[in-house]
Amino acid sequence: VFKRIWNCFAKSSSTQEAVQKVAWEMSNPVVKQDVWPFITFLFVVVAAPYFIYKMFPESSGRSGDDYEDETDTTATVLFPYQAMSHDEVSLVPHSQVVIAPQHLQPNFQGWILVSSNGVIGLAPISHLQFNSISE
């Protein structure tokens, strides 16, 4: 404080001007900015995505992109079937159904997941004849 006052008096031509400078500097102190908050912010912005990526690795197994190459397999309905529960689909003879990909098929003996007229459900395999895939 005394150094500021002395500098103001040394640079001023009059005492009144020096007092005004001292009063101005005392009421409006110069705050020296610290760089650490800025560096910390940059570190968080740059490093956070990396740490999040490392915390949540991809699940093991196939990713969703691997399933795009699978072709739709169809089957022809041989016999009529009336759905007995909400997870089954009714079948009409001589209609075409789309068979779900292998990774979506349930492990039920004698049943297969199909789509018929926009309805997805289980159907008995014995009622279907699989169509050959010609490539």
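This passage describes the fold, the nonpolar core and a surface patch of a predicted protein model.

The protein contains three helices and five strands. Along the sequence these elements follow the pattern α-α-α-β-β-β-β-β. Of the 135 residues, 19% count as buried. The accessible surface comes to about 11100 Å², and carbon and sulfur atoms account for 61% of this surface. Among contacts between residues at least 6 apart in sequence, 41% join residues at least 24 apart.

The largest nonpolar core has eleven residues, namely Ala75, Val77, Tyr81, Val89, Leu91, Val97, Ile99, Ile112, Val114, Ala123 and Leu128. At least two residues of this core come from each of strand S1 (73-77), strand S2 (96-99) and strand S3 (111-116). In soluble globular proteins, nonpolar side chains tend to be buried together.

Two members of the core, Val77 and Ile99, were examined through their contacts, leaving aside residues up to four places away in sequence. Val77 lies in strand S1 and counts as buried because its relative accessibility is 0%, under the 20% cut-off. The residues that Val77 touches are Leu91, Val92, Pro93, His94, Ser95, Val97, His127 and Leu128. One of these, His94, is 17 residues from Val77 in sequence, while the C-alpha atoms of the two are 5.2 Å apart in space. Ile99 touches Thr73, Thr74 and Ala75, as well as Gln105, Ile112, Leu113, Val114, Leu128 and Phe130.

Thr76 is also placed in strand S1. With a relative accessibility of 17%, Thr76 falls under the 20% cut-off and therefore counts as buried. The side chain of Thr76 is joined to that of Gln96 by a polar contact of 2.9 Å. Apart from residues up to four places away in sequence, Thr76 touches His94, Ser95, Gln96, His127, Leu128, Gln129 and Asn131.

A nonpolar patch on the surface is formed by Val35, Trp36, Phe38, Ile39, Phe41, Leu42, Val45 and Val46. Together these residues have about 840 Å² of accessible area. Val45, one of the residues of the patch, is located in helix H3, which covers residues 36-55. The relative accessibility of Val45 is 45%, so this residue counts as partly exposed, a class that lies between the cut-offs of 20% and 50%. Val77, by contrast, is a valine of the core and counts as buried at 0% relative accessibility.

Conventions:
Residues numbered from 1 in each chain as written. Predicted model: local features only at pLDDT ≥ 70, side-chain atom pairs only at ≥ 80, totals over all residues. Heavy atoms only, no water. Core = buried A, V, L, I, M, F, W, Y, C linked by side-chain atoms within 4.5 Å. Buried < 20%, exposed > 50% of the residue type's maximum accessible area, 1.4 Å probe, protein only. Helix = DSSP H or I, 4+ residues; strand = E, 2+ residues; numbered from the N terminus. Contact = heavy atoms within 4.5 Å. Patch = residues over 30% accessible without salt bridge, like charges linked within 9 Å, V, L, I, M, F, W, Y side chains within 5 Å. Areas by Shrake-Rupley, 256 points an atom, 1.4 Å probe, with all protein chains shown as cover. Salt bridge = Lys/Arg side-chain N within 4 Å of Asp/Glu carboxyl O. Polar contact = N/O pair within 3.5 Å; in protein donor to acceptor, adjacent residues only side chain to side chain.
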